[in-house]
Amino acid sequence: MEKIKIELKWAMIFIGMTLLWMVLEKMVGLHSTHIDMHMYLTNLYAIPAILIYVLALKDKKKQYYKGEMTYKQGFLSGLIITVIVTLFAPLTQWIISTIITPEYFPNVIAHSVETGYHSSLEEAEAYFNLNSYILQATVGTLIMGVITSAVVAFFVRTKSKG
């Protein structure tokens, strides 16, 4: 456990940030009155998500590797964070969908049918539901976490002096 203490800390920070982001989206109306802007503005979530990976790998580099970290070490650290966040993705999505913003699904279903994004209520309901979002969150977290880990590890690694 001691070896992954830093990753565990940053995974919990990441999950906390995700929950706070959803509270913010709800507060500004992206799950209700401004739902038409949701699919665009929700992508801003990538900024704090990437920033957390940068801070996490810098922390690992400084605290654990004493300022010298290879790409492989950084990538592995990012993968550990990703696995932890992915394991918690179903619970995180459940908290978002049932506690933080239970009105999101009915609102987005109505909006998607109203705008023609989905051709029927049944089609919209099949896409916008807790099970679908748990699957999307889990797969998306894993894929984006691996990509983010690969990119961030490249920039945070100790550059060879040569």
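**Exercise 1. Determine which pattern of secondary structure the chain follows along its sequence.**

Solution. Read from one end of the sequence to the other, the elements give α-α-α-α-α-α-α. The tally for this predicted model is accordingly seven helices and zero strands.

**Exercise 2. Establish how the axes of helices H4 and H7 are oriented relative to each other.**

Solution. Step one is to locate the elements: H4 covers residues 71–100, and H7 covers residues 130–156. Step two is to take the geometry of the pair: the two axes come within 8 Å and cross at roughly 160°. Step three is to apply the cut-off, by which angles over 145 degrees count as roughly antiparallel. H4 and H7 are therefore roughly antiparallel to each other. Step four adds the handedness, since H4 passes H7 in a right-handed crossing.

**Exercise 3. State how the residues of the contact of H4 with H7 divide into nonpolar, polar and charged.**

Solution. In this contact, 16 residues are nonpolar and 11 are polar. No charged residue takes part in the contact of H4 with H7.

**Exercise 4. Describe the chain as a whole by its span, burial, contacts and exposed area.**

Solution. Begin with the span: the C-alpha trace extends about 60 × 30 × 25 Å along its principal axes. Next, consider burial: 36% of the 162 residues count as buried. Then examine the contacts with a separation of 6 or more: 74% of them join residues 24 or more positions apart. Finally, turn to the surface: the chain exposes about 9,500 Å², of which carbon and sulfur atoms supply 71%.

Terms used
Residues numbered from 1 in each chain as written. Predicted model: local features only at pLDDT ≥ 70, side-chain atom pairs only at ≥ 80, totals over all residues. Heavy atoms only, no water. Axes fitted to C-alpha atoms, helices over the stretch in contact; angles between N-to-C directions. Helix = DSSP H or I, 4+ residues; strand = E, 2+ residues; numbered from the N terminus. Parallel < 35°, antiparallel > 145°, perpendicular 65-115°, else oblique. Left-handed = near helix turned anticlockwise from the far one by under 90°. Nonpolar A, V, L, I, M, F, W, Y, C, P; charged D, E, K, R; others polar. Buried < 20%, exposed > 50% of the residue type's maximum accessible area, 1.4 Å probe, protein only. Contact = heavy atoms within 4.5 Å. Areas by Shrake-Rupley, 256 points an atom, 1.4 Å probe, with all protein chains shown as cover.
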